[in-house]
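Welcome to my notebook. I opened a structure that was new to me and wrote down what I looked up, entry by entry.

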Amino acid sequence: MILAEHDEIANQLIDPKVGSSLINMGSSGMLLELHITDQKTYNTMPLMLRAVLRVPIGENNKEEDEQFHQLFQMAIYMVDLVAGVRLSPTVSAKCEKSRKKQKQAEASIKKEALEESKMEARRETDRLERERVKRMTPAEQAKYEDKKAKKETQKMKSKHMKIMK
């Protein structure tokens with residue numbers, strides 16, 4: 001399976017030599033992952049190729065050793081191939097646009113989660129306050145309500161007051 005931001009990228013990376021190697025080695029189970037990216041996911045390099053290979057175990061299996069050797073050579077060949085990839089301006093623009101859209105979606109999800117956690121904290125604070133008031137004696141409750149009303153009026157006054165010089 002190939003996942004790429006654009007067809008042109010996949011076509012440049014999977015040339016006939018790499019394609020035939022992938023087809024021949026696909027069923028061997030030695031190539032677990034081949035990740036090529038220009039996003040700084042694993043390090044700060046401008047381009048990165050990450051290959052996860054299963055090394056054959058055992059000394060008697062020459063066929064597996066040969067397949068692994070071919071697969072390893074393909075991975076090294078792909079390093080040169082990846083370094084030589086040049087995208088057209090339209091493909092670059094499309095990729096940047098989709099990445100920007102993805103970042104905006106992630107940011108909005110993060111913002112919604114933060115707002116939800118703030119609301120949950122506010123609800124919990126209000127619930128604890130109500131429980132505390134319920135445990136008070138009627139005289140303490142009346143005193144508390146007076147303080148709360150006084151605070152609200154001060155708050156409303158400060159909103160409506162204008163300071164003039």
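The entries below go through salt bridges, an aromatic pair, a charged patch and a few distances.

**Entry: what kind of model**

I began with a reminder to myself that this is a predicted model. Residue numbers in my notes start from 1 along the chain.

**Entry: salt bridges**

How many salt bridges does the structure hold? I found 11 of them. As a friendly reminder, side chains of opposite charge can pair when their charged atoms come close.

I looked up Arg99 and Glu96 to begin with. Their side chains meet in a salt bridge, at 3.9 Å from N to O. The cut-off for such a contact is 4 Å, so I noted that 3.9 Å falls within it. Both residues belong to helix H4, which covers residues 89–135. They are about one helical turn from each other, because they sit 3 residues apart in that helix.

Is Arg99 buried or exposed? Arg99 has 17% relative accessibility, so it counts as buried; the limit for that word is under 20%. Its partner Glu96 has a relative accessible area of 48%, so I wrote it down as partly exposed.

Which residues are linked with this pair in a network of salt bridges? I noted Glu5 and Asp38, which are joined with Glu96 and Arg99 in that network.

**Entry: Arg123 and its partners**

Next I turned to Arg123, and I found two salt bridges to write down. One is with Glu120, where the side chains meet at 2.8 Å, N to O. The other is with Glu116, where the closest N and O atoms are 3.8 Å apart.

Why are Arg123 and Glu120 about one helical turn apart? The reason is that they are 3 residues apart in helix H4.

I also checked how open these side chains are. Arg123 is partly exposed, because its relative accessibility is 41%. Glu116 is partly exposed as well, with a relative accessible area of 45%. For Glu120 the relative accessible area is 43%, so partly exposed is the right label there too.

**Entry: the aromatic pair**

How many aromatic pairs are there? The count comes to 1. The pair is Phe68 with Phe72, and it is stacked, with 6.1 Å centre to centre and 25 degrees between the planes. Planes under 30 degrees apart count as stacked, so the angle of 25 degrees explains the label. For anyone new to this, a pair of aromatic rings is described by the distance of the centres and the angle of the planes.

Where do the two rings sit? I traced both to helix H3, residues 62–83, where they are 4 residues apart, or about one turn of the helix. Phe68 counts as buried because its relative accessibility is 18%. Phe72 has a relative accessible area of 43%, so it is partly exposed.

**Entry: the positive patch**

I then looked at charge on the surface. Which residues gather in a patch of positive charge? I listed Lys143, Lys147, Lys151, Lys155 and Lys159. I picked Lys151 for a second look and found it in helix H5, which covers residues 138–160. At 65% relative accessibility, Lys151 counts as exposed, because that word applies over 50%.

**Entry: some distances**

To finish, I compared places along the chain with places in space. His69 is another residue in helix H3, and its relative accessible area of 40% makes it partly exposed. His69 and Leu47 are 22 residues apart in sequence, and their C-alpha atoms are 24 Å apart in space.

Ala83 is in helix H3 as well, and it counts as partly exposed at 46% relative accessibility. From Ala83 to Gly26 I noted 57 residues along the chain and 24 Å between the C-alpha atoms.

Ser108 lies in helix H4, and it counts as partly exposed at 33% relative accessibility. How far apart are the C-alpha atoms of Ser108 and Leu71? They are separated by 42 Å, with the two positions 37 residues apart along the chain.

Terms used. Predicted model: local features only at pLDDT ≥ 70, side-chain atom pairs only at ≥ 80, totals over all residues. Heavy atoms only, no water. Patch = residues over 30% accessible without salt bridge, like charges linked within 9 Å, V, L, I, M, F, W, Y side chains within 5 Å. Areas by Shrake-Rupley, 256 points an atom, 1.4 Å probe, with all protein chains shown as cover. Lys, Arg positive; Asp, Glu negative; His and termini not counted. Charge placed at Lys NZ, Arg CZ, Asp CG, Glu CD. Helix = DSSP H or I, 4+ residues; strand = E, 2+ residues; numbered from the N terminus. Buried < 20%, exposed > 50% of the residue type's maximum accessible area, 1.4 Å probe, protein only. Phe/Tyr/Trp six-rings, centres within 6.5 Å; stacked < 30°, edge-to-face > 60°.
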